[in-house]
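Hi,

Here is the model I promised to pass on. Have a look at it first, and then read my notes underneath.

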Amino acid sequence: MTLSEKDALYNWHPYNQHQLFSHFPAIVRGKNEFLWDENNKQYVDAIASWWVNPFGHSNKIIANAIYEQLTTLEHVLFGGFTHNKAVELAEKLVQILPSNQKKFFYSDNGSTAIEVAIKASLQYHFNKGIKKDTIIAFEDAFHGDTFGAMAVSGIGLFTEAFKDSLLNVVRIPVPIQGKEEESKQALANAILNHNVAAFVFEPLVLGAAGMVMYEATILDELMTICKQNSVFTIADEVMTGFGKTGTLFASHQLSIKPDMMCLSKALTGGTIPMAITSFTQDIYDGFVSSNINHALFHGHTFTANPTGCAAALASITLHETEETKNNISRIHRLHLDFQHYIQRHPRVKTTRVKGVIFALEIEVEEQQTYYSDFRNKLYNFFISKGIILRPVGNIVYVLPPYCISDESLNKVYQVIEDALNEIIC
């Protein structure tokens with residue numbers, strides 16, 4: 001029996017209807033941008049395994065940092081203790097994040113990072129005797145699968161079954177070109193008509209919505225409205241963080257600094273699950289009190305896991321190298337060249353590029369759902385050609401590891417063009 005066959009007997013995969021899909025390639029090893037399955041078929045990982053592997057697979061520098069930490073101190077509870085790697089990581093974060101980010105809360109993944117930020121934004125006001133019970137988020141946003149993160153996500157496919165059990169959330173239009181004023185007015189109206197604690201957003205790019213992009217200038221304007229009305233701003237950089245948009249964090253392209261930031265995915269270079277929620281000093285001070293009930297009672301067993309912290313430190317060190325910066329610039333240039341070429345294809349509706357992110361929208365007669373038949377045809381075509389891409393409806397995006405070679409990236413582009421020519425909606 002193959003690994004894939006054994007998998008089908010036992011395992012429940014995420015974001016999957018198992019009556020429709022029950023066979024998954026069994027990956028047995030990886031190196032750089034490549035993965036190999038149990039039949040030794042090679043794949044180009046063109047989405048960095050859900051945006052987490054900026055340095056590719058089996059990176060020796062991160063692996064060695066993990067090994068060294070595992071043989072020194074693998075874990076110690078963070079409730080009541082600390083350790084050198086958590087302190088070193090915090091010191092590094094102060095250096096690389098926007099200058100107002102001063103305090104760091106560690107958790108396990110992107111959803112929990114968002115959960116911590118939402119809870120903190122609500123409890124901060126509760127501690128001061130102020131009732132604020134509403135969060136503002138973008139339409140079509142996705143921030144995770146825990147209940148608070150689900151509440152601020154706008155993709156109904158993921159939240160429909162729980163819509164009567166979620167927080168109060170007002171959704172406003174994404175300020176794409178032509179909708180800037182509509183988005184600003186919707187934000188102002190939401191703040192006027194609700195007791196708003198925070199506005200949560202993915203800065204510049206909405207990942208799971210199909211790499212929807214908007215400008216930094218309009219986000220600055222939205223954040224200014226929030227600051228004028230004492231509404232916290234939460235930058236969800238789980239996807240956009242660590243180089244994806246061309247700068248280390250998308251928030252570095254803003255004039256206004258967010259009050260909180262959420263980090264995960266590429267934080268540890270795709271090795272160990274870990275997340276961080278960062279805060280301004282003022283927010284942290286809102287929980288410091290002689291009243292024990294004012295503490296933020298939130299925690300995870302593996303909070304600030306030393307091995308995860310060591311992996312994050314190694315990953316950040318790699319991000320700061322000239323090689324990584326040059327690779328990000330190289331991929332960006334290749335994306336622009338491909339965009340210039342492919343946008344003339346008769347089946348291409350729109351294209352967009354931001355940093356190492358390329359997205360292409362295929363012209364179709366009917367709007368495609370997240371897991372439509374057309375999307376599934378595209379996905380299966382890519383897999384058959386040895387390319388790992390996960391289309392969002394009729395939107396195909398590329399977000400590769402920074403170490404990807406020109407040859408591999410050109411192969412990805414060619415297979416996308418082949419799909420345009422061969423896959424019929």
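Below is what I found, going from helix to strands to single residues and salt bridges.

First, the ground rules: this is a predicted model, so local features need pLDDT of at least 70 and side-chain atom pairs count only at pLDDT 80 or more, while totals for chains, interfaces and linings use all residues. Residues are numbered from 1 along each chain as its sequence is written, and side-chain values use heavy atoms, with hydrogens and water left out.

**Helix α4**

Helices (H or I, at least four residues) and strands (E, at least two) are DSSP runs, numbered from the N terminus. Let's start with α4, residues 84–96. The expected span of a helix is 1.5 Å times one less than its number of residues. For the 13 residues of α4 that gives 18 Å, and the end C-alpha atoms are 19 Å apart, which agrees.

Which residues of α4 are buried? Taking buried as under 20% relative accessible area, exposed as over 50% and partly exposed as in between (1.4 Å probe, protein chains only), they are K85, A86, L89, K92, L93 and I96. They cover an arc of only 125 degrees around the axis, so they sit on the same side of α4; the arc is that of the directions from the helix axis to the C-beta atoms. With contact meaning heavy atoms within 4.5 Å, these buried residues pack against α3 (60–70), β4 (103–107), β11 (260–263), β12 (275–279) and α11.

α4 also holds a salt bridge, that is, a side-chain nitrogen of Lys or Arg within 4 Å of a carboxyl oxygen of Asp or Glu. E88 and K85 are the partners, at 3.6 Å from N to O. They are three residues apart in α4, so about one helical turn separates them. An α-helix has 3.6 residues a turn, so residues three or four places apart point the same way. While K85 is on the buried list, E88 is partly exposed at 32% relative accessible area.

**Strands**

Next, β7 (residues 196–201). Six of its six residues are buried, so the strand is largely enclosed by the rest of the structure. Two strands pair if DSSP finds at least two bridges between them. β7 pairs with β5 (residues 134–138) in the parallel sense over four bridges, and A198 in β7 is the bridge partner of I135. Four bridges also join β7 to β10 (residues 232–236), again running parallel; there, V200 stands opposite I234.

Elsewhere, there is an open sheet of four strands, in the order β1-β2-β3-β15, with mixed pairing. β1 (27–31) and β15 (387–388) are at the edges with a single partner strand each, so one side of each has no neighbour in the sheet. β2 (residues 34–37) and β3 (residues 42–45) run antiparallel and are joined by three bridges, with Y43 in β3 as the bridge partner of L35.

**Two loop residues**

T303 is in the loop between α10 (281–285) and α11 (306–319). Its relative accessibility is 10%, so T303 counts as buried. Leaving aside neighbours within four places in sequence, T303 is in contact with H75, F78 and Y106. A polar atom of the T303 side chain lies 3.3 Å from the backbone oxygen of Y106.

F21 is in the loop between α1 (3–10) and β1, and at 27% relative accessibility F21 counts as partly exposed. Not counting residues up to four places away in sequence, F21 touches N16 and N376.

**Other salt bridges**

How many salt bridges does a search of the whole structure find? Ten. Besides the α4 pair, one of them joins the side chains of D133 and K131 at 3.6 Å, N to O. D133 is partly exposed, with a relative accessible area of 25%, whereas K131 counts as exposed at 61%.

K349 and E361 form another, their closest N and O atoms being 3.9 Å apart. K349 lies in β13 (residues 348–354) and E361 in β14 (residues 357–362), so the pair ties together parts that are twelve residues apart in sequence. K349 is partly exposed at 49%, and E361 counts as buried at 17%. Finally, E181, K184 and E221 are joined into one network by salt bridges that share partners.

Cheers

Definitions and conventions. Polar contact = N/O pair within 3.5 Å; in protein donor to acceptor, adjacent residues only side chain to side chain.
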